[in-house]
Amino acid sequence: MADEVLFDFLHMELVSYIHQSCSKEENSKDISISRLESIGFRVGQSLIERFTKDSARFKDELDTMKFICKEFWNAIYKKQVDNLRTNHQGVYVLQDNRFKFLTQISNGKQYMESAPKYLAFPCGLLRGALSNLGVNCIVTAEVSAMPACKFQIQIQRA
Amino acid sequence: MTIYNFYVFDRNGTCLYYVDWNRRKQSGMSADEEYKLMYGMIFSIKSFVNRISPTDVKDGFMSFKTSQYKLHFFESLSGLKFIMNTDLNVGNIRDNLKQIYSTIYVEYVVKNPNCELDKQITSDLFRTKLDDYIKGLPFFAAKVS
């Protein structure tokens with residue numbers, strides 16, 4: 001009935017709890033963001049096992065990325081990524097024009113400072129999912145105007 | 001057919017939001033005093049109406065009318081009070097107030113982690129969505145001759 005809101009509220013509370021519990025240490029913002037990212041990493045790893053248990057092998061890296069943009073994003077955020085760009089050198093940019101966690105916050109510039117907090121978990125999610133598919137990478141996110149945001153994936157070649 | 005102004009109060013009497021469109025006469029007291037007066041009155045009327053009712057109470061206090069304006073009231077289950085002053089030609093708008101609560105307040109305030117639930121609403125998104133909704137209502141006219 002209201003399953004989507006469950007995830008939204010849980011995530012909101014998770015972010016605020018992590019920030020509160022880290023507020024006494026130095027660099028509290030960075031610590032909270034990296035903690036949220038590691039939580040997302042672990043969740044992403046398990047999720048990808050679940051989602052790909054019946055799919056065929058991916059032809060190449062680009063195919064993996066397309067899977068992430070379509071099925072994975074759809075399953076978690078109920079929509080697909082709006083734009084995927086790559087430089088074919090291992091850097092991919094995923095653009096979502098109405099990112100699920102940002103749509104209710106603002107429609108432009110208000111509350112911009114608090115936006116990165118809500119992107120840490122999704123970044124970890126992406127990194128965990130890709131790592132379990134055999135792709136090691138670094139994921140960063142940036143927001144210029146809510147609710148649109150961009151995730152930048154940098155593949156690390158051994 | 002116009003809407004004059006709109007208040008939102010929480011369970012403890014804090015005024016979370018106030019906006020007016022066509023208010024022609026100020027009440028002569030500061031905003032804080034006006035909010036306190038409004039909340040206190042509404043609270044008293046509500047309990048008075050429930051006590052004095054000669055039959056079973058279904059919805060309780062819903063609106064009052066004077067010769068110039070009509071005040072509409074809606075309270076959610078969580079104790080949130082929505083009060084709207086309109087002119088006299090408007091019928092029962094409880095459903096509209098209910099819709100404001102469920103599609104605008106819940107979406108853009110409850111789901112916004114930057115908005116604390118017992119403080120004033122600062123979200124611009126809430127303000128714009130509310131404005132758009134109100135201006136889209138059939139009984140709102142930006143200018144009254």
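A helix here is a DSSP run of H or I at least four residues long, and helices are numbered from the N terminus. Helix H1 of chain A, residues 3-21, is one such run, and Asp8(A) lies in it. The model shown in these views is predicted.

**Figure 1. Asp8(A) sits in helix H1 of chain A.**
Is Asp8(A) buried or exposed? Its relative accessible area is 13%. Buried means under 20%, so Asp8(A) counts as buried. Which residues is Asp8(A) in contact with, once neighbours within four places in sequence are left aside? They are Lys100(A) and Phe101(A).

**Figure 2. Chain A combines four helices with four strands.**
Start at the N terminus and follow the chain. The elements come in the order α-α-α-β-β-α-β-β. The radius of gyration of chain A is 16 Å, close to the 15 Å that the globule rule gives for 158 residues, so chain A is as compact as a globular protein of that length. Along the principal axes, the C-alpha atoms fill a box of roughly 45 × 35 × 35 Å.

**Figure 3. The inside and the surface of chain A.**
Of the 158 residues in chain A, 42% are buried. Now take the contacts in chain A with a separation of 6 or more: 60% of them join residues 24 or more positions apart. The accessible surface of chain A is about 8,800 Å². Carbon and sulfur atoms account for 50% of that surface.

**Figure 4. Chain A meets chain B.**
How many residues does each chain bring to the contact? Chain A gives twelve residues, and chain B gives twelve residues. Gln104(A), Gln110(A) and Tyr111(A) stand out on the chain A side: they supply 48% of the area that chain A buries against chain B, more than any other three residues. Between the two chains, about 1,100 Å² is buried. Carbon and sulfur atoms give 55% of this buried area. How many salt bridges does the rule find across the interface of chain A and chain B? The count is zero.

**Figure 5. Chain B has three helices and five strands.**
Read from the N terminus, the elements of chain B run β-β-α-β-β-β-α-α. A compact globule of 145 residues would have a radius of gyration near 15 Å, and the 15 Å of chain B agrees with this. The C-alpha trace of chain B spans about 45 × 40 × 30 Å along its principal axes.

**Figure 6. The inside and the surface of chain B.**
Buried residues form 43% of the 145 residues in chain B. Among contacts in chain B with a separation of 6 or more, 49% link residues 24 or more positions apart. Chain B exposes about 8,300 Å². Carbon and sulfur atoms supply 52% of that area.

**Figure 7. A nonpolar patch on the surface includes Met29(B).**
Which residues make this patch? They are Met29(B), Leu37(B) and Met41(B), and the patch covers about 260 Å². Met29(B) belongs to the loop between strand E2 (15-20) and helix H1 (31-52) of chain B. Why does Met29(B) count as partly exposed? Its relative accessibility is 31%. That value falls between the limits of under 20% for buried and over 50% for exposed, so Met29(B) is partly exposed.

Terms used
Residues numbered from 1 in each chain as written. Chains lettered and ligands numbered in written order. Predicted model: local features only at pLDDT ≥ 70, side-chain atom pairs only at ≥ 80, totals over all residues. Heavy atoms only, no water. Patch = residues over 30% accessible without salt bridge, like charges linked within 9 Å, V, L, I, M, F, W, Y side chains within 5 Å. Areas by Shrake-Rupley, 256 points an atom, 1.4 Å probe, with all protein chains shown as cover. Salt bridge = Lys/Arg side-chain N within 4 Å of Asp/Glu carboxyl O. Helix = DSSP H or I, 4+ residues; strand = E, 2+ residues; numbered from the N terminus. Buried < 20%, exposed > 50% of the residue type's maximum accessible area, 1.4 Å probe, protein only. Rg over C-alpha atoms; globule rule 2.2 N^0.38 Å. Contact = heavy atoms within 4.5 Å. Buried area = accessible area lost by both parts, 1.4 Å probe.
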